[in-house]
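I opened the model to look up its strands, its sheets and its aromatic pairs. My notes follow in the order I checked things.

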Amino acid sequence: LDNGVVFVGSSFGDSQLIKLNPEKDESGFYLEVLETYTNLGPITDFCVVDLDRQGQGQVVTCSGAFKDGSLRIIRNGIGINEQATIDLAGIKGMWSLRASF
């Protein structure tokens, strides 16, 4: 426990990194969720399907248990998490330039 940051791990659902605040926020809560970590386990059942009919199988799982149970789709490839965006007015297009040819 450092600076009020706590990791809450779960065997049946997603885990979270939370911050305990000394005062209530505008929503009336003392804690703030900083990060959520997806947990696929325990997988109680699964099937492989080709949803897009492109020959690329995806696994649909029945994950978790009790009130934390969910259906999850697992795809082959990389996941991209957008960390930040900037909206710039008047931009028609954007290209990268090489430093030299």
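**Entry 1: the sheet E1-E2-E3**

I began with strand order and found three strands in an open sheet, E1-E2-E3, with antiparallel pairing. E1 and E3 are the edge strands, and each of them pairs on one side only. I looked up the turn between neighbouring strands of this sheet: 25° on average, direction ignored. I note that the model is predicted.

Next I took the pairing of E1 with E2. The two strands run antiparallel to each other and share four bridges. Which residue stands opposite valine 6? I found isoleucine 18, in E2.

**Entry 2: the chain as a whole**

I stepped back to the full chain. I counted six strands and zero helices. From the N terminus the order reads β-β-β-β-β-β. The protein chain has 101 residues, and 12% of them are buried. I also looked up the accessible surface, which is about 9100 Å², with 53% of it belonging to carbon and sulfur atoms. Among contacts with a separation of 6 or more, 19% come from residues 24 or more positions apart.

**Entry 3: the sheet E4-E5-E6**

I then went to the other strands. E4, E5 and E6 form an open sheet in the order E4-E5-E6, again with antiparallel pairing. Why is one side of E4 and of E6 left without a neighbour in the sheet? Strand E4 (residues 43-49) and E6 stand at the edges with a single partner strand each, so one side of each has no neighbour there. The average turn between neighbouring strands of this sheet is 20°, direction ignored. For E5 and E6 I found antiparallel pairing over five bridges.

**Entry 4: threonine 61**

I picked one residue of E5 to follow, threonine 61. Is threonine 61 buried or exposed? Its relative accessibility is 1%; the cut-off for buried is under 20%, so threonine 61 counts as buried. In the pairing, threonine 61 stands opposite arginine 72 in E6. I checked side chains too: threonine 61 makes a polar contact with the side chain of serine 63 at 2.8 Å. Leaving aside neighbours within four places in sequence, I listed the contacts of threonine 61: Ile43, Asp45, Phe46, Ser70, Leu71, Arg72 and Ile74.

**Entry 5: aromatic pairs**

How many aromatic pairs does the structure hold? I found two. Phenylalanine 7 and tyrosine 37 form a tilted pair, with 6.0 Å centre to centre and 55° between the planes. This pair links distant parts of the chain, 30 residues apart: phenylalanine 7 is in strand E1 (residues 5-8) and tyrosine 37 in strand E3 (residues 31-37). Phenylalanine 7 is exposed, at 51% relative accessible area. Tyrosine 37 is partly exposed, at 37%.

I moved on to phenylalanine 12 and phenylalanine 66. Their ring centres are 5.7 Å apart and their planes stand at 80°, so I logged the pair as edge-to-face. Where do the partners lie? Phenylalanine 12 is in the loop between E1 and strand E2 (15-20), and phenylalanine 66 is in the loop between strand E5 (58-63) and strand E6 (70-74). The pair therefore ties together parts 54 residues apart in sequence. Phenylalanine 12 is partly exposed, at 38% relative accessibility. Phenylalanine 66 is exposed, at 76%.

Key:
Residues are numbered from 1 along each chain as its sequence is written. This is a predicted model: local features need pLDDT of at least 70, side-chain atom pairs count only at pLDDT 80 or more; totals for chains, interfaces and linings use all residues. Side-chain values use heavy atoms; hydrogens and water are left out. Rings of Phe, Tyr and Trp (its six-membered ring) pair if their centres lie within 6.5 Å; planes under 30 degrees apart count as stacked, over 60 as edge-to-face and the rest as tilted. Buried means under 20% relative accessible area, exposed over 50%, partly exposed in between (1.4 Å probe, protein chains only). Two strands pair if DSSP finds at least two bridges between them. Axes are lines fitted to C-alpha atoms, for helices over the stretch in contact, and angles run from 0 to 180 degrees between N-to-C directions. A polar contact is a pair of N or O atoms within 3.5 Å; within protein, one must be able to donate a hydrogen and the other to accept it, and residues adjacent in sequence count only if both atoms are side-chain atoms. Contact means heavy atoms within 4.5 Å. Accessible areas come from the Shrake-Rupley method with a 1.4 Å probe; for residues, only the protein chains shown count as cover.
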